[in-house]
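This report takes up how a protein chain is divided into domains and how the strands of its sheet are arranged. The sequence and the model follow.

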Amino acid sequence: MPYTLLIRNCGQLLTLSGAATGQPLTGTALHDWQVLTDAYVACAHDRIVALGPMAELDAAQIGPGTRVLDAGGRVVMPGLVECHTHLVFGGNRAHEFQRKLQGESYLDILASGGGILSTVRATRAASEAELLANALHHLAGFRRYGITTVEAKSGYGLDAETELRLVRVAQEAGRQQPARVVPTFLGAHVPGPEYKGRPAEYLQMLANEVLPQLDPAEVPFVDIFCEEGAFSVKESRQFLEQAREQGFQLKIHAEQLHDLGGAAMAATLGAISVDHCDYLSEADAARIAANGRTVVVLLPLVPLFLRQEVYAPGRRLIKAGVPVAISTDFNPGSCPSKNLWLALSVACLKMGLTPKEALAAATLNAAWALNLQTEIGSLEPGKRADLLILDVQDYEEIPYWLGENPVQQVVIGGEVQDSE
Ligand SMILES: [Zn+2]
């Protein structure tokens, strides 16, 4: 098949392939994937069709319809996969930053009507057009960082009508720009203000009135925040079981601030990912590892921004055989950053990952956390042509240049994106 796009002279081509298949990368497989040197990657329309050493490039497939990019010895890799964001919201919480610096905790601010509830007020007050414009603005930022797939949670409406609006906005934002948007329903973020003190009734309303209005083929995941001030393990289990019965795949925010046991509970229900896990116990890590499929999503920028000392035990999780992914948790309260590269650096510095492990965690394992592992996350013939040319010569530089954006060129679905 003639190539429509050829990237030649890749100093290092990070394929993310060649390790064990059929399950997320764990243990040594997290760094045993293949790096080709002096290589090329070729695409036909939106698919990767060939890759290999430059010496094996089939010149017969290059024609007048082939766009050729010369990587000039730089690193080329798959587009980053953001598997945990709260993309759609109104306003921001810059005013709470000062309160945090003066020592108020996340849960103190939430209890005083701030935090999530202040974003809920701003989100309810915003029009659908304003929310869409915000989401598109943030997606443009994600694309500049080379993020080509973005999971997008609802969760700042907390009533039936607004939660459904947030899901619609995420879907529409996915249609209006090239990055793939994967919507997740997180109506169960905290109990809606109208249900203060009645969390079980709020969850029942979501399960009975809202979930039936969503199509699991379009909104594949249902998520819940299992934490003090949000929902208990018992409430979370019941709600996730109801969501599973309605055909949704499961996610959970758990062990972010306390060890309640929510992550292991969700893993036993077959959750596709359990996210945060800063306070995950060793026993629960072993329970999660045993099922071989549930991905622990590490969110290293959150404890950084919340000024917490406790980070998820990444090194210990990898040793225990738990598959890990990395994401920003982009949201207005606990991580107003879209810089997934910075998250990789902090995962190395504070969670003990190696650069190669961190790269796998933000590509192929993040794809597993979205059930998109056959489509994205690695460079293999047949996969979607989401590719990055980075302005570095060696992958070890990626987490080293702390806070920088190494992206030089972004390709989404075989289309070279103009720099904005
Ligand atoms: Zn989150």
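Domain bounds, as used here, come from an automatic or database domain assignment. In this predicted model, the protein is divided into domain 1, made of residues 5–78 + 378–417, and domain 2, made of residues 81–369. The C-alpha centres of domain 1 and domain 2 lie 29 Å apart.

**Where the domains meet**

Contact between the two parts involves 29 residues of domain 1 and 31 residues of domain 2. On the side of domain 1 that touches domain 2, the elements giving two or more residues are helix H15 (397–400) and strand S15 (407–412), and of these S15 gives the most, with three residues. The residues on that side of domain 1 divide into 16 nonpolar, nine polar and four charged.

**The eight-stranded sheet**

An open sheet of eight strands, paired in parallel, follows the order S6-S7-S8-S9-S10-S11-S12-S13. Strand S6 (80–82) and strand S13 (324–326) stand at the edges with a single partner strand each, and therefore one side of each is left without a neighbour in the sheet. From one strand to the next, the twist averages 25°.

Three of the parallel pairings can be set out together with the residues that stand opposite each other.

| Strand pair | Bridges | Residues standing opposite |
|---|---|---|
| S10 and S11 | four bridges | Ile252 and Val274 |
| S11 and S12 | three bridges | Ser273 and Val295 |
| S12 and S13 | three bridges | Leu298 and Ile326 |

Between S11 and S12, the chain passes through helix H9 (residues 282–291), and the β-α-β crossover made in this way is right-handed.

**Strand S12 and the helix across the sheet**

Which way do Val295, Val296, Val297 and Leu298 point from S12, and are they buried or exposed? In a regular strand the side chains alternate between the two faces of the sheet. In S12, Val295 and Val297 point one way whereas Val296 and Leu298 point the other way, and all are buried. Two of these residues also appear in the pairings above, since Val295 stands opposite Ser273 of S11, while Leu298 stands opposite Ile326 in S13.

Helix H12 (residues 340–351) lies across S6, strand S7 (147–153), strand S12 (295–298) and S13. With respect to S13, helix H12 runs at about 130°. Among the strands that H12 lies across are S6 and S13, which stand at the edges of the sheet.

Methods. Residues numbered from 1 in each chain as written. Predicted model: local features only at pLDDT ≥ 70, side-chain atom pairs only at ≥ 80, totals over all residues. Pairing = 2+ DSSP bridges. Axes fitted to C-alpha atoms, helices over the stretch in contact; angles between N-to-C directions. Contact = placed C-beta atoms within 7 Å. Nonpolar A, V, L, I, M, F, W, Y, C, P; charged D, E, K, R; others polar. Buried ≥ 20, exposed ≤ 12 C-beta atoms within 10 Å, placed from the backbone. Right-handed = clockwise from strand over helix to strand, strands pointing away.
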